[in-house]
Amino acid sequence: MSPDSVASLVAKAVKLLKRVPGAWKWSRNVAKKAYSLGKTAGVAYLKRKFSEMHSWSPIKWVWKTILAFSNVPTLWAIIEWIAHHA
């Protein structure tokens, strides 16, 4: 993926997270912990955290939507952006 397309996907993810009440705050806290764990463990940590949420949680579904258009490098770029800018 080109850097421009990754940046575009990160921007879309951030926009989605800011539209869902509570998602930005939750994502900020989880992304900071995930970033401290490193790429592989951090991505796994994030996936585990939102998988543990109830099925009716809007935060879980916004992350499921983000995963639909992301791969691991893109997901890591999203984690990095949130950890550094939140």
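**Exercises on a predicted helical model**

In this predicted model, the backbone oxygen of Ile66 lies 2.7 Å from a polar atom of the Ser70 side chain.

**Exercise 1.** Place Ser70 in the chain, decide whether Ser70 is buried or exposed, and list its contacts beyond the nearest sequence neighbours.

*Solution.*
- Step 1. Ser70 sits in the loop that joins α4 to α5 (72-85).
- Step 2. The relative accessibility of Ser70 is 16%. Buried means under 20%, so Ser70 counts as buried.
- Step 3. With neighbours within four places in sequence set aside, Ser70 is in contact with Leu75 and Ile78.
- Step 4. The side chain of Ser70 also has a polar atom 2.7 Å from the backbone oxygen of Ile66.

**Exercise 2.** Do the same for Ala13, and give its C-alpha distance to Ile59.

*Solution.*
- Step 1. Ala13 belongs to helix α1, which spans residues 3-19.
- Step 2. Its relative accessibility is 0%, so Ala13 counts as buried.
- Step 3. Apart from neighbours within four places in sequence, Ala13 is in contact with Ile66, Phe69 and Ile78. Ile78 also appears among the contacts of Ser70.
- Step 4. Ala13 and Ile59 are 46 residues apart in sequence, and their C-alpha atoms are 12 Å apart.

**Exercise 3.** Classify Trp56 as buried or exposed, and state how far its C-alpha atom is from that of Leu67.

*Solution.*
- Step 1. Trp56 is located in the loop between α3 and α4 (58-68).
- Step 2. The relative accessible area of Trp56 is 65%. The cut-off for exposed is over 50%, so Trp56 is exposed.
- Step 3. Leu67 is 11 residues from Trp56 along the chain, with 17 Å between the two C-alpha atoms.

**Exercise 4.** Describe the packing of α2 against α3 by angle, axis distance, handedness and residues in contact.

*Solution.*
- Step 1. Helix α2 covers residues 23-37 and helix α3 covers residues 39-51; they pack at about 150°, and their axes are 7 Å apart.
- Step 2. The crossing of α2 past α3 is right-handed.
- Step 3. From α2, the residues are Trp26, Val30, Lys33, Ala34 and Leu37; from α3, they are Ala41, Gly42, Tyr45, Leu46, Lys49 and Phe50.
- Step 4. Sorted by class, this contact of α2 with α3 holds eight nonpolar, one polar and two charged residues.

**Exercise 5.** Which helix has the lowest confidence, and which the highest?

*Solution.*
- Step 1. The chain has an average pLDDT of 92, and 98% of the residues score at least 70.
- Step 2. Confidence is lowest in α1, with a mean of 90, and highest in α2, at 96.

Key:
Residues are numbered from 1 along each chain as its sequence is written. This is a predicted model: local features need pLDDT of at least 70, side-chain atom pairs count only at pLDDT 80 or more; totals for chains, interfaces and linings use all residues. Side-chain values use heavy atoms; hydrogens and water are left out. Axes are lines fitted to C-alpha atoms, for helices over the stretch in contact, and angles run from 0 to 180 degrees between N-to-C directions. Helices (H or I, at least four residues) and strands (E, at least two) are DSSP runs, numbered from the N terminus. A crossing is left-handed if the near helix is turned anticlockwise from the far one by less than a right angle, and right-handed if clockwise. Contact means heavy atoms within 4.5 Å. Ala, Val, Leu, Ile, Met, Phe, Trp, Tyr, Cys and Pro count as nonpolar, Asp, Glu, Lys and Arg as charged, and the others, Gly among them, as polar. pLDDT is the predictor's confidence in each residue, from 0 to 100. Buried means under 20% relative accessible area, exposed over 50%, partly exposed in between (1.4 Å probe, protein chains only). A polar contact is a pair of N or O atoms within 3.5 Å; within protein, one must be able to donate a hydrogen and the other to accept it, and residues adjacent in sequence count only if both atoms are side-chain atoms.
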